[in-house]
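Here's a quick briefing to read with the model open in your viewer. It goes from the overall fold down to single residues.

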Amino acid sequence: MIIDDSHYDIIIIGSGAGGGTLAGSLSREGRSVLLLERGEAMEAGWQKRPRVKDEVWFGPDGDPFSPQTFYALGGNTKIWGAVLERMREKDFTDLPLQEGVSPAWPFDYNHLAPYYDQAEAIYRVHGKAGVDPTEPTRSKGFDQSPRPVMPFLEELREGLLRQGCQPYELPLSWSDNEENPVGDAEVCGLATADTGNLEIRYKAKALRLHVSPSGREVKKVEADVNGEIWLFSSDLVVLAAGAINTPAILLRSGNERHPRGLSNQSDQVGRNLMNVQITSILQRSAAPNSGLYARSYGVNDYYWGDKNVSFPLGHIQAAGGVLQDALFAESPPVLSLISKLIPSFGIKRLASRTVAWWAMTEVLPDQENRIWLNKEQIRINYLHNNREAHDRLVYRWIDTLKSVEADPYTKVVTSEPVHPRGEAPLSVVGFACGTCRMGEDPAVSVVDATGKCHELDNVYIADSSVFPSCPSVGPGLTTIALALRMAETLHQRLHN
Ligand SMILES: Cc1cc2nc3c(=O)[nH]c(=O)nc-3n(C[C@H](O)[C@H](O)[C@H](O)COP(=O)(O)OP(=O)(O)OC[C@H]3O[C@@H](n4cnc5c(N)ncnc54)[C@H](O)[C@@H]3O)c2cc1C
């Protein structure tokens with residue numbers, strides 16, 4: 001075992017949306033930061049691979065699966081769709097869904113709004129305010145306008161407008177890099193880090209945290225760095241390894257004093273796993289497209305319900321070209337389903353003849369949906385809830401697509417009797433959240449409203465594990481905003 005000589009202000013474990021953003025911000029404030037990242041920095045021109053091939057987790061039935069998660073500098077943001085949405089005001093409150101009440105956060109939207117502003121600026125979010133009827137209050141518009149979309153999508157938007165829908169330009173993170181312009185935690189969150197204050201260790205997998213005799217403070221972080229075991233020390237430790245690996249580290253850090261794992265007297269670590277329900281729906285385009293283009297429009301007309309029901313159904317987004325979409329690569333073989341329907345088409349040709357949509361619906365926290373450890377193995381017990389609301393959204397959207405196709409002025413899509421669709425399977429865990437939830441009551445939550453572990457004096461969590469509820473829009477921007485808020489908290493704490 002190697003004991004590192006240095007002592008840092010802060011050790012951050014994981015460099016994704018939460019950890020990468022936090023490390024950039026704290027290093028700019030002059031804090032000495034050690035960032036432990038189990039992956040490597042990706043070289044220019046790397047191919048997007050939707051999952052880590054050698055990672056194996058186990059599902060509810062004990063069967064192994066390879067999760068769609070990405071271990072590299074930037075984490076899952078290296079493969080994300082870069083749609084960075086704010087949660088809506090009501091998403092922060094007790095919100096009745098069809099199957100139960102989605103719980104409130106310990107603060108409201110207005111508290112997080114200034115950090116959303118900062119997050120959009122740092123991630124160079126291009127968007128247009130004032131179009132989406134569910135948009136939360138903003139102090140100002142977006143700094144950057146949306147980039148142009150493919151012409152056939154523009155025509156499709158016109159077709160949706162004629163059906164009474166209110167499509168809006170999805171807010172997207174774009175960097176200045178012409179070759180690979182999608183923004184992520186490396187090129188946005190860490191880009192302006194003060195490298196004099198930030199040390200990054202790659203291939204450094206945090207294994208466990210070592211506590212003081214009182215059990216209240218973490219003294220050392222144990223990590224496997226390129227096959228060797230190291231011990232690192234700091235004043236503060238931040239877990240940002242994502243909603244599966246952060247609870248895994250806490251559970252693995254158990255000892256006689258903490259038999260259930262660290263900060264887990266409440267038995268909440270790893271529980272309440274939420275993963276938004278996603279169904280991909282395909283439409284046939286009249287002319288071929290490249291299959292390689294970014295996401296474009298969103299539709300929130302059913303976010304809070306529809307003409308028949310008054311509970312939330314969810315969010316729709318135009319998914320982007322199916323040949324480059326990592327999420328698509330993971331969905332059940334929807335394209336192979338169409339290839340059966342039209343056997344003369346090859347997969348590439350099929351992809352170029354489709355327009356893909358994602359329907360996304362939130363789920364409720366459930367104690368039994370959880371990540372736990374069987375010795376060193378990660379196990380996931382998970383069953384979606386709130387399914388009927390999701391089905392309603394899917395059928396509502398297919399009806400809308402049919403009306404668009406029946407409109408003689410809309411020529412870019414063809415009328416089809418069937419719209420192939422597929423639900424994202426368990427391995428698509430990229431939107432996971434909730435496994436170390438935030439709350440005022442230590443009996444039913446893991447961290448307090450600032451992100452500090454209730455049972456530990458110097459450990460914080462800065463990733464999507466802390467979400468008390470799971471919005472129907474992506475969790476990325478909220479994770480980034482929470483990290484920026486935490487940067488302020490930690491800076492002040494070290495100052496005092
Ligand atoms: C294909 C895909 C598309 C997505 N599209 C969108 C989208 O368009 N919009 C949106 O809002 N969200 C999207 N998401 C979700 C979004 O990427 C996540 O919500 C977000 O990245 C979560 O941030 P995080 O900091 O919690 O974790 P991550 O970004 O996953 O970061 C975790 C980091 O911790 C590292 N790590 C893990 N374990 C250890 C360890 N033991 N030691 C050291 N390092 C460790 C990982 O390598 C990684 O760098 C998408 C996800 C996927 C997979």
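What follows covers the chain, its sheets and core, the ligand shell and a few residues to click on.

Keep in mind that this is a predicted model. The protein chain has 496 residues, and 52% of them count as buried. On the secondary-structure side, you're looking at ten helices and 21 strands.

**Overall shape**

- The radius of gyration of the protein chain is 22 Å, which agrees with the value near 23 Å that a compact globule of 496 residues would have.
- If you're setting up a box, the C-alpha trace spans about 75 × 45 × 45 Å along its principal axes.
- Take the contacts with a separation of 6 or more: 74% of them join residues 24 or more positions apart.

**Strands and sheets**

- Strands of a sheet pair through backbone hydrogen bonds, in a parallel or an antiparallel way. This chain has both kinds of pairing, with E1 and E13 parallel and E14 and E20 antiparallel.
- One open sheet has six strands, running E8-E15-E16-E17-E14-E20 with antiparallel pairing.
- Which strands stand at the edges of that sheet? They're E8 (168-169) and E20 (421-423); each has a single partner strand, so one side of each is left without a neighbour in the sheet.
- E14 (residues 277-284) holds on to E20 over three bridges, and isoleucine 281 sits opposite arginine 421 of E20.
- Elsewhere, E1 (residues 2-13) runs parallel to E13 (residues 228-239), with eight bridges between them. Within that pairing, isoleucine 11 has valine 237 in E13 as its bridge partner.
- E1 also pairs in the parallel sense with E2 (residues 33-36), this time over four bridges. Here isoleucine 13 faces leucine 36 in E2.

**Nonpolar core**

- The largest nonpolar core takes in 135 residues, and Ile11, Ile12, Ile13, Leu22 and Val238 have the most contacts inside it.
- H10 supplies the largest share of this core, with nine residues.
- Want a residue to start from? Isoleucine 13 touches a good list of partners beyond four places in sequence, among them Leu36, Ala206, Val221, Val238 and Ile249.

**Around the ligand**

- There are 41 residues around the ligand, and the ones that come nearest are Gly14, Gly16, Gly430, Gly474 and Gly476.
- The elements giving two or more residues to this shell are H1 (17-28), E11 (204-211), H5 (242-252), H6 (326-330) and H10 (476-495).
- Which element gives the largest share of the shell? That's H5, with four residues.
- By residue type, the shell splits into 19 nonpolar, 18 polar and four charged residues.

**Two unusual phi angles**

- Most residues other than glycine have a negative phi, so a positive value in such a residue is worth a click.
- Alanine 82 is one case, with phi at about 65°. You'll find alanine 82 in the loop between E4 (64-65) and E5 (95-97), and it's buried because 26 other C-beta atoms lie within 10 Å, where 20 or more are needed.
- Serine 263 also has a positive phi, near 55°. Serine 263 belongs to the loop between H5 and E14, and with 27 other C-beta atoms within 10 Å it is buried too.

**Two buried isoleucines in strands**

- Isoleucine 378 is part of E19 (residues 377-381). Why does isoleucine 378 count as buried? It has 20 C-beta neighbours inside 10 Å, and the cut-off is 20 or more.
- Beyond four places in sequence, isoleucine 378 touches Trp57, Phe58, Ile244, Ala248, Ile371 and Leu373.
- Isoleucine 378 and valine 429 are 51 residues apart in sequence, with 13 Å between their C-alpha atoms.
- Isoleucine 461 belongs to E21 (residues 459-461), and it's buried, with 30 other C-beta atoms within 10 Å.
- Contacts of isoleucine 461 outside its sequence neighbourhood of four places include Leu239, Thr246, Cys436, Val447 and Val466.
- From isoleucine 461 to arginine 421 is 40 residues along the chain, and their C-alpha atoms are separated by 36 Å.

Methods
Residues are numbered from 1 along each chain as its sequence is written. This is a predicted model: local features need pLDDT of at least 70, side-chain atom pairs count only at pLDDT 80 or more; totals for chains, interfaces and linings use all residues. A residue is near a molecule or strand if its C-beta atom, placed from the backbone, lies within 6 Å of it. Ala, Val, Leu, Ile, Met, Phe, Trp, Tyr, Cys and Pro count as nonpolar, Asp, Glu, Lys and Arg as charged, and the others, Gly among them, as polar. A residue is buried if 20 or more other C-beta atoms lie within 10 Å of its own, exposed if 12 or fewer, and partly exposed in between; C-beta atoms are placed from the backbone. Two residues are in contact if their C-beta atoms, placed from the backbone, lie within 7 Å. The radius of gyration is taken over C-alpha atoms; the globule rule is 2.2 Å times the number of residues to the power 0.38. Two strands pair if DSSP finds at least two bridges between them. A nonpolar core is a set of buried Ala, Val, Leu, Ile, Met, Phe, Trp, Tyr and Cys residues joined through C-beta atoms within 7 Å.
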